[in-house]
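Me: Could you take me slowly through one part of this model, a single strand together with the strands beside it? I would like to see how the pieces fit together.

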Amino acid sequence: MARQRGPARPPTGKSFWQKYQWFIIAGVALFFVITVVAPALQRSPEEPAEDPSAPTEDGPSTTVSGEFYFPANSRDHIPVGTRGSGYASDPPTSGQHYSQPGLAPINWGLYSDPIPDEVLIHNMEHGGIIAYYRPSAPPAEVQALRTFIESQPGYPKGFIVAPRASLPADITLAAWEYYLPVFQYDEVTMTAFVSAHYDKGPETLDGTVR
């Protein structure tokens, strides 16, 4: 009489997953590191969004940290009393301006009243440095600016200090094609700006065309 067989036993060999699960896991992890983690580590930190209304540092000649460069778009003389136009920046650093002895360029020195852009652009054309301050700036900061300018070699020749309501910072230094907003009073950076741009206009401080 034939023996009755019991239930079939499962095969004793390991399944494909049991044999290779660690290789599969390691491969997935390696793929994740190569495709996700490594590129993220190489990516530079995200920079803050730029203010589209702010001026841009755009010139290869910019040499002072924080200064802005605006290539000269005009050196035209206009009749005294008319308003200039087409300025590339505010405050302007080149463009249409007056030319009248005793008025434009104006005498170098300290002023307590605003001076028209059309006058000061001629001073910048002669290589002068214009040190603007907002009328609302702290008086101590304004006095520090005046003292700084008065201490420059050759002062008053080549320097003007004057108020201006429309400025990117309480203090702003301007020269032909360049300006430097001074958001935090810093004589080191201000000195660098003066050194880089004093008497560097298309005309000399004495009015000679270069």
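Reply: What follows is a close look at strand β5 and its partners.

This is a predicted model, in which local features need pLDDT of at least 70 and side-chain atom pairs count only at pLDDT 80 or more, while totals for chains, interfaces and linings use all residues. Residues are numbered from 1 along each chain as its sequence is written, and side-chain values use heavy atoms, with hydrogens and water left out.

Helices (H or I, at least four residues) and strands (E, at least two) are DSSP runs, numbered from the N terminus. Strand β5 covers residues 171-175, and 5 of its 5 residues are buried, so the strand is largely enclosed by the rest of the structure; buried means under 20% relative accessible area, exposed over 50%, and partly exposed in between, with a 1.4 Å probe and protein chains only. In a regular strand the side chains alternate between the two faces of the sheet. In β5, Ile171, Leu173 and Ala175 are buried on one side, and Thr172 and Ala174 are buried on the other.

Two strands pair if DSSP finds at least two bridges between them. Strand β3 (residues 129-133) pairs with β5 in the antiparallel sense over 4 bridges, and here isoleucine 130 has alanine 174 as its bridge partner. β5 also pairs with β6 in the antiparallel sense, over 5 bridges, and there alanine 174 stands opposite tyrosine 179. The hairpin of β5 and β6 has 2 residues between the strands, and in this hairpin glutamate 177 takes a positive phi near 75°. Tyrosine 179 itself is buried, with a relative accessible area of 3%.
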